[in-house]
Amino acid sequence: MKSESSFTGQLGFILTAAGSAVGVGNLWRFPYLAAKDGGGLFLIVYLILALTFGYTLLSSDIAIGRRTQKSSILAYTEMNPKWKFLGVLTFLVPVIIMTYYAVIGGWITRYAAAFLGGEALKTADAHYFTDFISSPWIAAAFALLFMAVTAFIVYMGVESGIEKVSKFMMPILLIMVIGIAVFSLTLRHEDADGRIRTGLQGLLIYLTPDLTGLTVKRFLQILLDAMSQLFFSLSVSMGIMITYGSYVKKDVNLNHAVTMIEGFDTLVAFLAGIMIIPAVYVFQGTEGMGAGPSLMFISLPQVFASMGKAGAAVGAAFFIMTVFATLTSCISVLETIVANCMIIFRSGRKKTTLALTLVYLAASAVIALGYSVFYVEIKLPNGSVGQLLDLMDYISNSVMMPFIAFLSCILIGWIVKPLYVTEEMEYGGAVMRKKGLYSAMVKYAAPVLMLILFIQSTGILN
Ligand code: PFF
């Protein structure tokens, strides 16, 4: 069965796919990794990987989607019936991610609401975040709200829901991130002991490759960090780009589209670094770039509070922009599940979306309550201890995604052969300039890298 939905054209596709790619990964994880992994050194490594490895994975997903005109389960079955299991495995990634993505969206919405409601200063309290996520009613309410909005947009369909929202939100997001980045560079602060730090000094820290204490082991760690970031950031190997690819009309040049989507994603990540690193540096020195949620939900609100009057407005803009980024990503996750379920259950979009909405409202509530009613401490194989949300994140991102990417490179590189993808990229006379690179990557480099990433991120050898 051919998919019935489609994007109106090239721009709609690019902005919608970029909407999926640009998310909390760009706005929060990328700057944090850049600060941790030697600034400019991380940037260079990331850029090289994006142009080779990211390009390969993104082209594969989109071309498979458009060539088969199907979502993951049927797409892999069509490529080779024996590989149906890979389609099913791929489908399970968004199924798992969807249980917690709206919860994170709810956290961000809470902060946006606080800044818009004149409560900016309260969020700067070091306990605000933990108090919020551990209070069952509020945490669950915001997760359910975010889930309901996502579901409504998906219910409206590809053209009149998803594409419309992306065309509206993505340009605004780009303008906001540029605006805040420029503002960040103008910041300046004098410590109690008279030391002055400026935004431009912060920019230098971000851009300059820091090679102090660089060993082979540390370089490998940076490489793996950049690789797992890239993968998560491009929303590849989870069937999302296959589903979106299946909605692309045959007259769209996929080579242009891939370049634009990757360019958009990388640009926003890079700008997010200019926005966050100098601001945190100016007010908190290099210590403020803490890992995990603390950067977004604790350090940044404190930075906004230190900015005085401007802080409330800049903070509001920041969290609204982050809501947009998270919403367009969350939509892509739900849409992928809906597209596959419509086939599995032979049901229409509206009915399928409604049924899945009920399931995921319940799931989101459970995960949101994972910091209060359902609090657990789970020891993960990679050594960290987490709650329900971290468990879901570990299974989908650390275990399944690299494994799926590995298998799909084997399938494309050695079973159906790279021509399956390159032919589609060159459909209608389009030129795929990096065809040789693509074939070499998908056959040799990508599977090896993916296997190493899988072993490292699961921590199974520890
Ligand atoms: N690509 C998104 C980001 O960089 O934030 C994250 C993401 C979106 C991950 C959708 C997973 C997903 F299913």
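Me: What covers the buried residues of helix H10?

Reply: The cover includes helix H1 (10-21), helix H2 (24-36), helix H3 (40-68), helix H12 (254-284), helix H16 (388-415) and helix H18 (435-458). Helices (H or I, at least four residues) and strands (E, at least two) are DSSP runs, numbered from the N terminus. A residue is buried if 20 or more other C-beta atoms lie within 10 Å of its own, exposed if 12 or fewer, and partly exposed in between, with C-beta atoms placed from the backbone. Two residues are in contact if their C-beta atoms, so placed, lie within 7 Å. This is a predicted model, in which local features need pLDDT of at least 70 and side-chain atom pairs count only at pLDDT 80 or more, while totals for chains, interfaces and linings use all residues. Residue numbers start from 1 along each chain as its sequence is written.

Me: Which residues of H10 are buried, and how does the span of the helix compare with the expected one?

Reply: The expected span of a helix is 1.5 Å times one less than its number of residues. H10 covers residues 216-233, 18 in number, and its end-to-end C-alpha distance of 25 Å is close to the expected 26 Å. Its buried residues are Ile222, Leu223, Asp225, Ala226, Met227, Gln229, Leu230, Phe231, Phe232 and Ser233.

Me: What should be noticed just after H10?

Reply: Most residues other than glycine have a negative phi. Ser235, just after H10, has a positive phi of about 55 degrees, although it is not a glycine. This residue lies in the loop between H10 and helix H11 (240-246). Ser237 lies in that loop between H10 and H11 as well, and its phi is also positive, near 60 degrees. Ser235 counts as buried because it has 30 C-beta neighbours inside 10 Å. Ser237 counts as buried too, because 30 C-beta neighbours lie inside 10 Å of it.

Me: Which residues come nearest to the ligand, and which helices supply the shell around it?

Reply: A residue is near a molecule or strand if its C-beta atom, placed from the backbone, lies within 6 Å of it. Of the 16 residues around the ligand, the nearest are Gly23, Gly25, Ser233, Ser329 and Val333. At least two shell residues come from each of H1, H2, helix H5 (84-116), H10 and helix H14 (309-344). For the make-up of the shell, Ala, Val, Leu, Ile, Met, Phe, Trp, Tyr, Cys and Pro count as nonpolar, Asp, Glu, Lys and Arg as charged, and the others, Gly among them, as polar. The shell has eight nonpolar residues, eight polar and no charged.

Me: How many residues of H1 are buried, and what do they pack against?

Reply: Ten of the twelve residues of H1 are buried, so this helix is largely enclosed by the rest of the structure. Among them are Phe13, Ile14 and Leu15. The buried residues of H1 pack against H8, H10, H11, H12 and H14. H1 reaches 16 Å between its first and last C-alpha, close to the expected 16 Å.

Me: Which residues have the most contacts inside the largest nonpolar core?

Reply: In soluble globular proteins, nonpolar side chains tend to be buried together. A nonpolar core is a set of buried Ala, Val, Leu, Ile, Met, Phe, Trp, Tyr and Cys residues joined through C-beta atoms within 7 Å. The largest one here has 170 residues, with Ala143, Val177 and Leu334 making the most contacts inside it. H5 gives the most to this core, 20 residues. Leaving aside residues up to four places away in sequence, Leu334 touches Met98, Thr150, Ala151, Val154 and Leu356.

Me: Which helices cover the buried residues of H7?

Reply: The cover includes H5, helix H6 (128-133), helix H8 (158-185), H14 and helix H15 (349-368). Among the buried residues of H7 are Ala143, Thr150, Ala151 and Val154. H7 (residues 136-155) has 20 residues and reaches 28 Å from first C-alpha to last, close to the 28 Å expected. Just after H7, Gly157 takes a positive phi of about 100 degrees.

Me: How many helices and strands does the protein have, and what is its radius of gyration?

Reply: The protein has 18 helices and four strands. The radius of gyration is taken over C-alpha atoms, and the globule rule is 2.2 Å times the number of residues to the power 0.38. A compact globule of 462 residues would have a value near 23 Å, and the protein, with 21 Å, agrees. Of these 462 residues, 55% count as buried. Among contacts between residues at least 6 apart in sequence, 82% join residues at least 24 apart.
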